[in-house]
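Thanks for making the time this morning. I would like to walk you through one model, beginning with its sheet and then turning to the empty spaces in it.

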Amino acid sequence: MTLRFLGTTSEEGDCPTLYEIAGTDEILVQGERENDPAHLVQLRDVKPEETFVRVPRSLLTRYAPRADAPELQPFAAISHLFREFRHTAWRLETRRGYASDRSGANWSKFRDGETFSFNPDSPWHANVRAQTEAGKRFERVRLVDEPLTEGQQFLLATGLGNAAAGEDIRNLPRAEAERLRLPDYDFWLFDSKILARFAFDEDDTTLGVYVTEDPAEVLAACQARDAAWHHATPTTEFARRVRSTV
């Protein structure tokens, strides 16, 4: 089963850490093994396969409290949030490609090396422009590999159109994201309050989103946002760097 990183109180990328075991209501705990004989002898009903680890209470109180698991919803269920948010809509993109990009009209042109244009009046660009002109912020960080995957190259090219509409898109090397212990899943975070976490199948097709206002989930997303944003490079600057190495 897939593990989903929840959070850590470690400053150097080592123990302790909490993970959620996808598809269950169980938490996997990473920490220092308990070896004190005086403690071990007091444990009850110990099975041979069980072990015990130490973690700080702050780790559990910050990340372990959970509301009921949200149900998977179609992405269209959150479409209103892109108009109704009050301050910031922030996205983390972690995948190496997206099926929605590969099914778009510009994908074949991109692969053939043809020039393609952006539609500034598309529903997405028009809404971004309207919201940013009202003083709101659309921001996202995209994880990138070295070298860039084909999907990431496409996003870099199309991202310039998003930036022209008013989005602030930045890029972060995957190795740096791993050092920062960022989540390995995509999400939108609205006003530091509502979290929409994506679900994908093995072909990079969006299955839907899990929407929650659970404080532990939202806090983890806010911390990931702050770390990613601080270390990421604006997409226009990143594009220049990529072109200079080609």
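**The sheet and what packs on it**

What you see has an open sheet of eight strands, in the order S6-S12-S11-S10-S7-S8-S9-S13, with mixed pairing; two strands count as paired if DSSP finds at least two bridges between them, and helices (H or I, at least four residues) and strands (E, at least two) are DSSP runs, numbered from the N terminus. Strand S6 (72-73) and strand S13 (233-234) stand at the edges with a single partner strand each, so one side of each is left without a neighbour in the sheet.

Before going further, I should say that this is a predicted model, in which local features need pLDDT of at least 70 and side-chain atom pairs count only at pLDDT 80 or more, while totals for chains, interfaces and linings use all residues. Residues are numbered from 1 along each chain as its sequence is written, and side-chain values use heavy atoms, with hydrogens and water left out.

At the S6 edge, two bridges join S6 to strand S12 (residues 206-212), and the two run antiparallel, with Leu 72 standing opposite Tyr 210 in S12. Helix H7 packs on the sheet, where it touches S7, S8 and strand S9 (168-173), and its direction makes about 165 degrees with that of S8. Helix H6, for its part, lies across S8 and strand S10 (187-190), running at about 125 degrees to S8. Axes here are lines fitted to C-alpha atoms, for helices over the stretch in contact (heavy atoms within 4.5 Å), and angles run from 0 to 180 degrees between N-to-C directions.

**One residue in helix H9**

Is Ala 228, in helix H9 (residues 215-231), buried or exposed? Ala 228 is buried, because its relative accessible area is 0%, and buried means under 20% (1.4 Å probe, protein chains only). Leaving aside neighbours within four places in sequence, Ala 228 is in contact with Trp 90, Val 141, Leu 172 and Leu 182.

**Pockets and a cavity**

Now to the empty spaces, for which the search runs on a 1 Å grid over the protein atoms alone: a cavity is a set of points where a 1.4 Å probe fits but cannot get out, a pocket is an open set with protein on both sides within 12 Å along at least five of seven lines, and lining residues have an atom within 4 Å of a point.

The largest pocket holds about 750 Å³ of space, and of the 27 residues that line it, the closest to its centre are Ser 100, Asp 101, Arg 140, Leu 155 and Asn 162. H7 gives the largest share of that lining, five residues.

The second largest pocket has a volume of about 610 Å³, and among its 26 lining residues, Arg 4, Glu 20, Ala 22, Gly 23 and Arg 197 lie nearest its centre. Strand S1 (3-8), strand S2 (17-21) and S11 each give two or more residues to this lining, and S11 gives the most, with four.

Finally, the whole structure has three cavities of 30 Å³ or more, and the largest has a volume of about 80 Å³. Its lining includes Arg 142, Leu 155 and Phe 238, and strand S8 (137-144) and helix H7 (150-165) each supply at least two of the residues there.

Conventions:
Grid points are joined across faces, edges and corners, and a volume is the space filled by probe spheres set on the points. Buried means under 20% relative accessible area, exposed over 50%, partly exposed in between (1.4 Å probe, protein chains only).
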